[in-house]
Amino acid sequence: MAKVKSTYACTACGYESPRWVGRCPGCGAWNTLEESLQAVPEKASGKIAANQRPGTGAKPMSLKDIPEDTTLRTSTGISELDRVLGGGIVEGGLILIGGDPGIGKSTLLLQVCDHLAKSGKRTLYISGEESARQIKLRAARLGIESDLYVLAENALDAVEEKIRELQPDTAVIDSIQTMYRPEMASAPGSVSQIRESTSLIMRLCKETGTSVFLVGHVTKDGAIAGPRMLEHMVDVVLYFEGDRQQDYRLLRAVKNRFGSVNELGVFRMTGQGMQVVDNPSEELLSLRAKGASGSTVFCGMEGSRPLLCDVQALTSPTFYGTPRRAVNGADSGRVAMLLAVLEKRANQRTYNQDVYINVAGGLELSEPAADLALCVAVASSLKDKPVGPEVAVMGEVGLAGEVRTIPQCDRRIAECARLGFTTIVVPRSNARRMSLPENVKVIGVDTVAQAMSVIF
C-alpha cells in the first residue's frame with residue numbers, strides 16, 4: 001500500500017521542505033509554507049509507477065526538417081482579446097487568465113465560448129465552482145443561446161476523459177485552483193495539486209491540439225495563487241485589472257509565447273457582459289473637466305496602441321511638518337523626483353504644498369514619456385491656471401531639467417490630431433524630424449522651464 005508523505009511547499013515560489021519553517025529558504029518570504037500530503041507509490045523494479053506516464057517517444061529531428069505550422073489563428077470574436085493574444089487563439093495553446101474576484105473573467109470566457117460555438121467550433125466550458133444550472137442562468141442573462149458544452153466537474157481525471165472523448169477545439173477550466181487529482185492526498189488548491197493538474201492539462205493540450213483557457217484565482221497581493229512555476233508552464237498569462245466600482249476593465253499580457261506582451265485590451269462591464277471599447281482615448285477623455293487647473297492630456301503607448309489619458313494634479317498648502325504626496329496611477333518615486341526637478345530647475349515651490357496625482361480611468365503610467373505631462377499638471381495647479389483644452393503634452397524629463405526624446409512620437413501626434421488637439425508640446429529633438437498633420441501645431445521644447453513659459 002502506498003505511504004503518505006507530508007511536505008511543506010512555499011505558495012510564492014514552490015520551494016519544498018520536509019519540515020515547516022517560518023521563512024522560505026527559496027525566496028525569503030515569511031509564513032508562506034503550507035503542508036501538502038502526497039501518496040508515494042511503492043517501488044517496483046522495471047515498472048512505471050501508476051501515477052507516472054511514459055514519455056512521447058519522439059525522435060530528435062533537425063530544425064530544417066521540422067515542417068512549418070501554417071495553421072491560422074482562431075479569432076475569439078472579441079477584437080480586444082484577439083489584440084492581447086497576438087491575433088487569436090493558437091492551436092494547442094494553454095492560456096492563464098487571472099484577476100480579482102468579480103472582475104469579469106468567467107463572463108468574458110463564457111462570451112468567448114459563445115462566439116466560437118457560433119462560428120462552428122466545438123467548445124467545452126468546465127466549471128469547478130458552479131453547477132450546470134448556475135452556468136445556464138448566467139448564460140441566459142448574457143443572452144447566450146449557442147450550442148456549447150458545459151461540464152461541472154472537479155476531478156481532473158474525469159475532465160481529461162471527457163476532453164479526449166469530446167475532442168473540443170477550445171476548452172475553459174474555471175478555475176485551476178478547484179481541480180484536483182484523486183491519486184494525490186493533498187487538498188484542492190494546494191501547491192502540489194495545482195502544479196500536477198497544470199502539468200496534466202499542458203500535456204493534454206499538446207497531445208490533442210485543444211486550446212485551453214485556465215482561470216486563476218489571485219492572492220491579496222494580486223499574484224496568481226499557487227506556485228510561481230504555474231506561470232512558467234503555460235503559454236500565455238493574462239491579467240484582468242480594474243476597480244469593480246468602475247465600468248472599465250483592462251486586460252494585459254505579462255507573458256505571451258505567440259505575440260507581444262505590450263498590448264492592452266479595454267472593456268466595459270455592462271449588464272449584457274463585457275463590451276469592447278473601440279475608442280478608449282475618446283472614452284477616457286469624455287468626462288474631462290473643462291477649464292479646470294491641474295489637468296493635462298498625455299498620449300501614452302500601450303504596445304502598438306496610442307492611448308490618450310487625463311493626468312490630474314492637485315496642490316494645496318500643507319498643515320503638517322512634512323507635506324503629503326499621494327499618487328494614483330504613476331510611480332510615486334518618479335513623481336517625487338519630478339517635484340524636485342520642478343523645485344530646482346523651474347522655480348515651482350512645492351516644499352510647502354501637499355501634492356496629489358491621479359491618472360483618470362484607472363490607467364497605470366509606467367513610461368518616462370509621461371514626465372512632462374506630470375510636471376505641467378503640477379505647475380498648472382500651483383499657478384491655478386488651466387492648460388488649454390486643445391493642448392497635449394509629452395516628453396521625458398531628466399534631473400538637469402532637460403526634455404528628452406520619446407519613442408513613436410509620430411503615432412502619438414497622429415492620435416492627438418485625430419481627437420482634435422491642435423497644439424502638442426513635445427521634445428525638440430522629436431519635433432525636428434517628423435511630418436506634421438494638417439492644422440496641428442507642434443512645439444518643441446528643450447527644458448521644463450521652457451515648456452512652462454510656452455504653455456502658461
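## Exercises on a predicted model

R404 touches G395, E396, G398 and P427, where touching means heavy atoms within 4.5 Å and residues up to four places away in sequence are not counted. The model is predicted, so local features need pLDDT of at least 70 and side-chain atom pairs count only at pLDDT 80 or more, while totals for chains, interfaces and linings use all residues. Residues are numbered from 1 along each chain as its sequence is written, and side-chain values use heavy atoms, with hydrogens and water left out.

**Exercise 1.** Place R404 in the structure and state whether R404 is buried, partly exposed or exposed.

*Solution.* Begin with the secondary structure: R404 belongs to strand 19, residues 403-404, where strands (E, at least two residues) and helices (H or I, at least four) are DSSP runs numbered from the N terminus. Next, take the relative accessible area of R404, which is 43%, and R404 is therefore partly exposed; the scale calls a residue buried under 20%, exposed over 50% and partly exposed in between, with a 1.4 Å probe and protein chains only. Finally, look along the chain to N430, 26 residues away, whose C-alpha atom is separated from that of R404 by 8.7 Å.

**Exercise 2.** Check the length of helix 2 (residues 105-118) against the expected span, and describe how far helix 2 is covered.

*Solution.* The expected span is 1.5 Å times one less than the number of residues. For the 14 residues of helix 2 this gives 20 Å, and because the end C-alpha atoms are 20 Å apart, the two values agree. As to cover, eleven of the 14 residues are buried, among them L108, L109, L110 and V112. After the helix comes G120, with a positive phi near 95°.

**Exercise 3.** Describe how helix 2 and helix 3 (residues 132-141) meet.

*Solution.* First, the two axes, which are lines fitted to C-alpha atoms over the stretch in contact, with angles from 0 to 180 degrees between N-to-C directions, come within 11 Å and cross at roughly 75°. Helix 2 is therefore roughly perpendicular to helix 3, given that 65 to 115 degrees counts as roughly perpendicular, under 35 as roughly parallel, over 145 as roughly antiparallel and the rest as oblique. Then name the partners: S106, T107 and L110 of helix 2 meet I135, R138 and A139 of helix 3.

**Exercise 4.** Explain why C113 forms no disulfide in this model.

*Solution.* A disulfide is a pair of cysteine sulfur atoms within 2.5 Å. The closest cysteine sulfur to that of C113 is in C205, 14 Å away, which is too far for a bond. A search of the whole structure likewise finds zero disulfides. C113 is buried at a relative accessible area of 1%, whereas C27, at 40%, is partly exposed.

**Exercise 5.** Locate Q167, N347 and the peptide bond between D174 and S175, and describe their backbone geometry.

*Solution.* Q167 sits in the loop between helix 4 (156-166) and strand 7, and has a positive phi of about 55° although it is not a glycine; at 42% relative accessibility, Q167 counts as partly exposed. N347, in the loop between helix 8 (332-345) and strand 16 (353-359), also is not a glycine and has a positive phi of about 60°, and with a relative accessible area of 54% N347 is exposed. The bond joining D174 and S175 is cis, with omega about 5°, and S175 lies in the loop between strand 7 (170-174) and helix 5 (191-208).
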